[in-house]
Amino acid sequence: MSELLLSIEDVRVEFSTPGGTVRAVDGVSLVVNRGETVAVVGESGCGKTTLARAVLGLQPLAHGRIVLDGDEVQGTNKRMAEKVGMVWQDPYASLNPRWRVGKAVLEPLALSGKAARPPTEIFEEVGLDPKFVTRFPHQLSGGQRQRVAIGRALSLKPPLVICDEPTAALDLSIRAQILNLLKDIQRVNHCAFLYISHDLTTVRFLADRVAVMYLGRIVEEGPTEQIFSDPRHPYTKALLDSAPTLEKLLQLPDQLPGEIPDPRTRFTGCRFASRCPNVQDICLQQDPPRTVEGERAFYSHYPEHKDAA
């Protein structure tokens, strides 16, 4: 069996607005292998969630194609439900408030026509007390609701699970429990995760590889520890520098110069040029080529270099 599970090939997603067309995802290519976790990170509005919706078949493509487990993604259908599960950011918004949560976790099984499993079995898999199956979403805590959402996403045991900011709405202590749960699930089910987040701490803990997005494009991609310890793209470095750490306690990060350009712009050079501290004339004229260094790739005319110290 091939190790390749998900292949995103030169994908573009566009939205029409009164002021012009916005390319929310603009030429993204990415692969996810079986059993690994690939994180997509970047500022709000960079296209992370739109990319996830495209993989789910919820967002039509203007260009490119997406192949999941050997089948090209073309909308949603029963077969897609068996191949990919989804965990949304807000567990309360993603659950029907009129349904008992025991019914909610069985929804994918019902839609696919598969034989129903006892909801208590699914609850035990995600660390929930089986007696909760008769409760409504408002009767559970945020962490418990997110476990229900994870149980629903895994009820068909799909080979791929997409997690869109699954810990953003949770307290820090609950966040750690959910991350450990995801790791345990991956070890037992051997599923892959496409993990979307702006929380770099959780990304470093969970992900095997990281793809950094800026204005609809991936600007750097590689093994997690390489990206965190030696970022090559100036935007990746700025993103990591902005993350709070104990070493930078009570210190604010340096602000990037310039402003984010209008996403309706048709770029002729590097789209990060207006904010890049390393900008030169060529950056305004030519799109940077793809540079490959071992397992890492990035797009920058003037990449960062690790301090000699």
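Two aromatic rings of Phe, Tyr or Trp (for Trp, its six-membered ring) are taken as a pair if their centres lie within 6.5 Å; planes under 30 degrees apart make the pair stacked, over 60 edge-to-face, and the rest tilted. The model looked at here is predicted, so local features need a pLDDT of at least 70 and side-chain atom pairs count only at pLDDT 80 or more, while totals for chains, interfaces and linings use all residues. Residues are numbered from 1 along each chain as its sequence is written, and side-chain values rest on heavy atoms, with hydrogens and water left out.

By that ring criterion, the structure holds three aromatic pairs. In one of them, Tyr214 and Tyr235 have ring centres 4.7 Å apart and planes at 50°, so this pair is tilted. Helices (H or I, at least four residues) and strands (E, at least two) are DSSP runs, numbered from the N terminus. Tyr214 belongs to strand β9 (residues 209-214) and Tyr235 to helix α10 (residues 234-241), so their pairing ties together parts 21 residues apart in sequence. Tyr214 also pairs with Phe272: the centres are 5.1 Å apart and the planes stand at 85°, so this one is edge-to-face. Phe272 sits in the loop between α10 and α11 (281-285), and Tyr214 in strand β9, so here the parts tied together are 58 residues apart in sequence. Ring pairs thus link Tyr214, Tyr235 and Phe272 into a cluster.

How accessible are these rings' residues? Burial is used here for a relative accessible area under 20%, exposed for over 50% and partly exposed for anything in between (1.4 Å probe, protein chains only). Tyr214 is buried, at 2%, Tyr235 is buried at 1%, and Phe272 is buried at 1% as well. Within α10, Tyr235 is joined by Pro234, Thr236, Leu239 and Leu240 as buried residues. Their cover includes β3 (37-41), α8 (200-206), β9, β10 (217-223) and α9 (224-229), with contact meaning heavy atoms within 4.5 Å.

Elsewhere, a ring meets a charge. The charged end of Lys183 sits over the ring of Phe205, 5.2 Å from its centre; the call requires NZ of Lys or CZ of Arg within 6 Å of the ring centre and within 35 degrees of the ring normal.

Arg296 is another residue to look at, found in strand β12 (residues 296-299). Its relative accessibility is 4%, which counts as buried. A polar contact is a pair of N or O atoms within 3.5 Å; within protein, one must be able to donate a hydrogen and the other to accept it, and residues adjacent in sequence count only if both atoms are side-chain atoms. One such contact, of 2.9 Å, joins the side chains of Arg296 and Glu220, and the Arg296 side chain also reaches the backbone oxygen of Asp230 at 2.9 Å. Leaving out residues up to four places away in sequence, Arg296 touches several residues, including Glu221, Gln226, Ile227, Arg232 and Thr291.

Then there is the sheet. Strands pair if DSSP finds at least two bridges between them, and an open sheet of four strands runs in the order β2-β1-β4-β5, with antiparallel pairing. Its edges are β2 (20-33) and β5 (71-72), each pairing on one side only. Five bridges join β1 (residues 4-17) to the antiparallel β4 (residues 63-68), and Ile8 has Ile66 in β4 as its bridge partner.
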